[in-house]
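Colleague: I'd like to learn how to read a model like this one. Could you walk me through it, starting with helix packing?

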Amino acid sequence: MIPLSHWLIFTTGLFAVGIYGAATRRSVIGIFIALELIFLAATVNLVAFSRTTSLSAETGQIFAFFILLTGLASAAAGTAILISVFHIRKTTDSDELQLLKW
Amino acid sequence: MGMNGSEISKIAGYLFMALCLLGALGAVVLPRLRHAAFSLAAALASAGILSFFLHAGFVGILQLLYAAGFTAILLYLLRSTEDKNEGVSLSYKVLTLLGAGLFSALAVKVFQKTPWVMQSNTEGFSFGSLFGNYFFPFTLFLFLALAVFTGIKTISKQDA
């Protein structure tokens with residue numbers, strides 16, 4: 001069995017890659033992809049913790065299930081918002097999308 | 001001198017971890033967003049397979065379905081909007097890489113110092129618990145999902 005510390009190092013790497021992507025991408029879709037990696041790190045972490053520590057296995061898997069479903073709902077909502085914004089602004093560049101400024 | 005099943009499983013686990021990290025790196029580094037989307041799909045699918053190594057088959061299957069669904073949504077989004085090449089200054093990339101590396105080193109140090117309570121757990125997932133111990137968060141999630149889908153319908157019906 002792979003030890004917990006190795007799972008944690010792996011998910012930290014995944015999380016760091018996600019942070020790097022969210023900070024360097026300019027397109028909102030690119031940022032969206034990077035955020036998905038952060039979600040993924042959290043999901044794997046929950047399952048690994050529930051398998052290897054005294055925490056009930058069910059708890060970790062149920063919360064992983066909630067994270068996955070929330071991620072899919074946010075993907076659908078993000079798609080609708082982005083397509084709507086693209087119709088108005090004709091771009092997905094985060095530097096040019098300043099809709100909250102007035 | 002052959003390897004036993006446990007060792008083979010461990011090596012396969014590390015291989016899928018490496019594949020997942022490679023996919024994740026591709027998702028943030030590849031300049032073309034379409035390629036990044038496929039790379040993300042590889043990372044998500046590898047993480048799904050990794051769940052099987054943790055005896056979480058249900059989450060694994062869900063993760064694989066999620067990989068397919070999310071990639072389809074991303075490709076539709078890229079088709080509907082724009083798939084452009086991204087360019088960010090090298091100094092900014094180096095700075096962010098340093099920050100992410102520093103964070104990882106700090107987190108690994110914390111993991112090593114923390115006395116985790118270890119106990120191998122082989123308990124499985126049961127749908128019944130969604131209607132038992134976890135009934136409240138499950139109901140809350142369903143209402144949240146309903147609100148999200150109503151919002152999506154409203155947004156997509158708006159005229160540009």
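Modeller: Happy to! Start with the cut-offs for helix directions: angles under 35 degrees count as roughly parallel, and those over 145 as roughly antiparallel. Keep in mind that this is a predicted model.

Colleague: Let's try that on chain B. At what angle do the axes of α2(B) and helix α3 of chain B cross?

Modeller: They cross at roughly 175° and come within 7 Å, with α3 covering residues 57–80 of chain B. That angle is over 145 degrees, so α2(B) and α3(B) are roughly antiparallel to each other. In the contact of α2(B) with α3(B), 19 residues are nonpolar, six are polar and one is charged.

Colleague: And between the chains, how does helix α2 of chain A pack with helix α2 of chain B?

Modeller: Helix α2 of chain A (residues 28–52) and helix α2 of chain B (residues 33–53) have axes 11 Å apart, at an angle of about 5°. An angle under 35 degrees falls in the parallel class, and α2(A) and α2(B) are therefore roughly parallel to each other. On the chain A side, the contact residues include A:Ile33, A:Leu37, A:Leu40 and A:Val44. On the chain B side, B:Leu33, B:Leu40 and B:Leu44 are among them. By class, the contact of α2(A) with α2(B) has twelve nonpolar residues, one polar and one charged.

Colleague: Which elements make up each chain?

Modeller: From the N terminus on, chain A runs α-α-α, and chain B runs α-α-α-α-α. Chain A has three helices and zero strands, while chain B has five helices and zero strands.

Colleague: What radius of gyration does chain A have, and what would a compact globule of 102 residues have?

Modeller: Chain A has 17 Å, whereas a compact globule of 102 residues would have a value near 13 Å. The box filled by the C-alpha atoms of chain A is roughly 50 × 25 × 20 Å along the principal axes.

Colleague: How much of each chain is buried?

Modeller: A residue counts as buried under 20% relative accessible area. Buried residues are 60% of the 102 residues in chain A and 32% of the 160 residues in chain B. For the surface itself, chain A exposes about 3800 Å², with carbon and sulfur atoms supplying 70% of it. Chain B has an accessible surface of about 9800 Å², and 71% of that belongs to carbon and sulfur atoms.

Colleague: Can we zoom in on one residue? Is A:Leu68 buried or exposed?

Modeller: A:Leu68 lies in helix α3 (residues 57–89) of chain A. Its relative accessible area is 3%, which is under the 20% cut-off, so A:Leu68 is buried. Leaving out residues up to four places away in sequence, A:Leu68 touches A:Thr43 in its own chain, and B:Val59, B:Leu62, B:Gln63 and B:Tyr66 in chain B.

Colleague: One last feature, backbone torsions. Where are A:Lys90 and B:His55 placed, and what is the phi of each?

Modeller: A useful habit is to look for positive phi in residues other than glycine. A:Lys90 has a phi near 60° and sits in the segment after α3 of chain A. B:His55 also has a phi near 60°, and its place is in the loop between α2 and α3 of chain B. As for accessibility, A:Lys90 is exposed at 57% relative accessible area, whereas B:His55, at 48%, counts as partly exposed.

Technical notes: Residues are numbered from 1 along each chain as its sequence is written. Chains are lettered from A and ligands numbered from 1 in the order in which they are written. This is a predicted model: local features need pLDDT of at least 70, side-chain atom pairs count only at pLDDT 80 or more; totals for chains, interfaces and linings use all residues. Side-chain values use heavy atoms; hydrogens and water are left out. Axes are lines fitted to C-alpha atoms, for helices over the stretch in contact, and angles run from 0 to 180 degrees between N-to-C directions. Helices (H or I, at least four residues) and strands (E, at least two) are DSSP runs, numbered from the N terminus. Angles under 35 degrees count as roughly parallel, over 145 as roughly antiparallel, 65 to 115 as roughly perpendicular and the rest as oblique. Contact means heavy atoms within 4.5 Å. Ala, Val, Leu, Ile, Met, Phe, Trp, Tyr, Cys and Pro count as nonpolar, Asp, Glu, Lys and Arg as charged, and the others, Gly among them, as polar. The radius of gyration is taken over C-alpha atoms; the globule rule is 2.2 Å times the number of residues to the power 0.38. Buried means under 20% relative accessible area, exposed over 50%, partly exposed in between (1.4 Å probe, protein chains only). Accessible areas come from the Shrake-Rupley method with a 1.4 Å probe; for residues, only the protein chains shown count as cover.
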